[in-house]
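User: I want the reasoning behind the labels, not just the labels. Take me through them one at a time.

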Protein chains: 2
Amino acid sequence: MQLASTGSGAEGRSAGRPVSRQVLADHVYEELLASLMDGRLEPGAAVSIDGTARELDVSPTPVREALARLEHTGMVRRVALKGYRVAPVFTQEDFAELMEARLAIEPVNARLACSRLTPGHLRELEQAVTDLKDAPRGPSFAEFRSYLEADERFHRLIAEQTGNQFMVAAYAALGGQIQRFRLFGGVGITDAEHAIAEHQAVLDAFASGDPQQAEAAMAEHVRKVRGRAIADAPAD
Amino acid sequence: MQLASTGSGAEGRSAGRPVSRQVLADHVYEELLASLMDGRLEPGAAVSIDGTARELDVSPTPVREALARLEHTGMVRRVALKGYRVAPVFTQEDFAELMEARLAIEPVNARLACSRLTPGHLRELEQAVTDLKDAPRGPSFAEFRSYLEADERFHRLIAEQTGNQFMVAAYAALGGQIQRFRLFGGVGITDAEHAIAEHQAVLDAFASGDPQQAEAAMAEHVRKVRGRAIADAPAD
DNA sequence: CCGGGCCAGGTCCTATAGGATCTGAACATG
DNA sequence: CATGTTCAGATCCTATAGGACCTGGCCCGG
């Protein structure tokens with residue numbers, strides 16, 4: 001059938017051969033991840049191996065491999081001989097634990113990233129904050145999707161800019177969960193004005209080049225997000 | 001061939017049916033993990049899917065799934081269309097990054113775990129420190145294997161005792177790397193006396209029930225491990 | 001009316017087949 | 001001698017087949 005579908009190597013440096021060919025399992029992984037991030041797959045829904053394979057027009061083998069990788073991100077859970085399910089909705093307790101973890105990791109990331117900041121990094125962060133301000137904030141998901149994307153990008157960029165592979169891994173272990181909470185926790189869009197101001201404060205600290213200040217600004221941001229979410233008190 | 005029939009395990013199972021059947025991919029995963037932890041697979045060595053399948057007398061499909069899960073632990077790396085390799089040896093830079101990450105995560109774990117400590121938890125930690133003291137510390141790997149196991153267990157228990165699933169995940173993202181470093185970094189056994197004393201100090205802080213002190217003791221331990229390793233200056 | 005057996009469809013899991021690709025060595029050529 | 005070519009084996013990757021298990025609907029006897 002459509003064996004070596006090729007089609008992916010548009011990114012090659014020069015013509016000829018793409019340096020790294022796309023494998024089907026990678027494509028399936030990205031497709032599933034996008035579905036999860038976009039909220040197309042609801043919490044608790046079953047993710048059938050065979051069904052996903054039919055839907056993407058591939059065999060179950062690459063789907064199985066992609067799901068095995070996804071399980072480690074915490075966005076899907078697997079029960080032996082029963083299959084995979086999208087992780088269930090956050091409880092308030094889950095949320096408190098997640099914020100505790102973010103508070104341990106993200107301020108450190110901010111300090112490390114700030115201490116080795118480059119002009120290029122700073123521009124990327126500025127772009128993220130600009131996108132955050134410009135993003136539409138309507139009631140439907142499609143409307144604030146770009147807002148959530150810019151928010152996630154800001155935090156991820158800081159993690160990557162630490163240059164520390166382990167801090168990136170630690171943040172990645174949380175990143176998917178953060179996104180999941182943003183989608184289903186019921187908050188995240190009502191506090192846009194406050195959140196934007198706090199992001200701006202973090203950015204200012206970066207611009208000033210003071211790692212301690214960056215760490216403090218990030219800690220304050222995470223604490224305030226937690227505070228606002230608790231105040232909103234999602235009915236659960 | 002030997003489908004779900006008998007023959008394969010050779011483990012005389014008691015009777016009836018196990019409530020949760022073992023899936024082959026899980027068995028392969030554990031087998032590979034043990035090989036990696038024990039150092040039977042050297043850094044940089046290729047881990048062939050077909051070869052592993054032949055060796056364990058299973059088909060390549062479960063091996064592929066197990067390796068996909070292992071990749072996320074950082075202990076093996078995958079290159080599309082080229083296969084899996086055991087992660088290479090730590091450089092001094094890798095080590096510095098790992099210690100930075102541990103310094104961000106483990107003291108927080110100690111504080112959280114101490115603040116909700118139970119007598120049962122304390123006993124488990126005491127047992128780990130006791131095992132650490134009693135473990136043989138010979139030159140060959142087989143001799144200090146139990147030492148490394150007790151060391152890893154101590155830190156992992158603290159992560160689990162936080163009761164915070166995300167801190168456990170963050171630590172797990174580092175745990176395999178810590179183990180890898182202990183095996184191949186050239187240090188970890190020469191500083192046993194110091195390390196044991198520091199573990200004892202952490203344990204004492206837990207016994208006193210002071211989370212701040214526990215956090216400080218853990219931070220000091222990690223810093224000193226880093227300091228001793230740098231002093232040893234592995235030739236690299 | 002209601003509960004238990006039976007069957008069909010779906011799913012998971014493993015094995016196997018075969019195409020596509022990489023690797024390394026033998027070999028030819030300037 | 002150095003360099004490029006060819007080829008065989010190993011390996012990766014995907015598709016497919018089939019056994020085992022679970023689920024839900026249907027039928028039948030009490």
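Analyst: Start with the sheet; note that this is a predicted model. Chain A has an open sheet of three strands, ordered β1-β3-β2, with antiparallel pairing.

User: Why is one side of β1 (46-47) and of β2 (76-79) of chain A left without a neighbour in the sheet?

Analyst: Both strands stand at the edges of the sheet in chain A, and each has a single partner strand, so one side of each stays free of a neighbour.

User: What makes β1(A) and β3 (residues 83-86) of chain A a pair?

Analyst: The rule asks for at least two bridges between two strands. β1(A) and β3(A) have two bridges, in the antiparallel sense. Therefore they count as a pair. In one of the bridges, A:V47 has A:Y84 of β3(A) as its partner.

User: Now the interface. Why is the link between A:R64 and B:E65 called a salt bridge?

Analyst: The cut-off is 4 Å, from a side-chain nitrogen of Lys or Arg to a carboxyl oxygen of Asp or Glu. The N to O distance here is 3.3 Å. So the A:R64 and B:E65 side chains qualify. The rule finds four salt bridges across the interface of chain B and chain A.

User: Which elements of chain B each supply at least two residues to the side that touches chain A?

Analyst: They are α1 (24-38), α3 (60-71), β2 (76-79), α4 (92-115) and α7 (165-184). The largest share, nine residues, comes from α4(B). By class, that side of chain B has 19 nonpolar, seven polar and eleven charged residues.

User: How much area is buried between the two chains?

Analyst: About 3000 Å², with carbon and sulfur atoms giving 62%. The contact takes 37 residues from chain B and 36 from chain A.

Conventions:
Residues are numbered from 1 along each chain as its sequence is written. Chains are lettered from A and ligands numbered from 1 in the order in which they are written. This is a predicted model: local features need pLDDT of at least 70, side-chain atom pairs count only at pLDDT 80 or more; totals for chains, interfaces and linings use all residues. Side-chain values use heavy atoms; hydrogens and water are left out. Contact means heavy atoms within 4.5 Å. Buried area is the accessible area (1.4 Å probe) that two parts lose on being put together, summed over both. Helices (H or I, at least four residues) and strands (E, at least two) are DSSP runs, numbered from the N terminus. Ala, Val, Leu, Ile, Met, Phe, Trp, Tyr, Cys and Pro count as nonpolar, Asp, Glu, Lys and Arg as charged, and the others, Gly among them, as polar.
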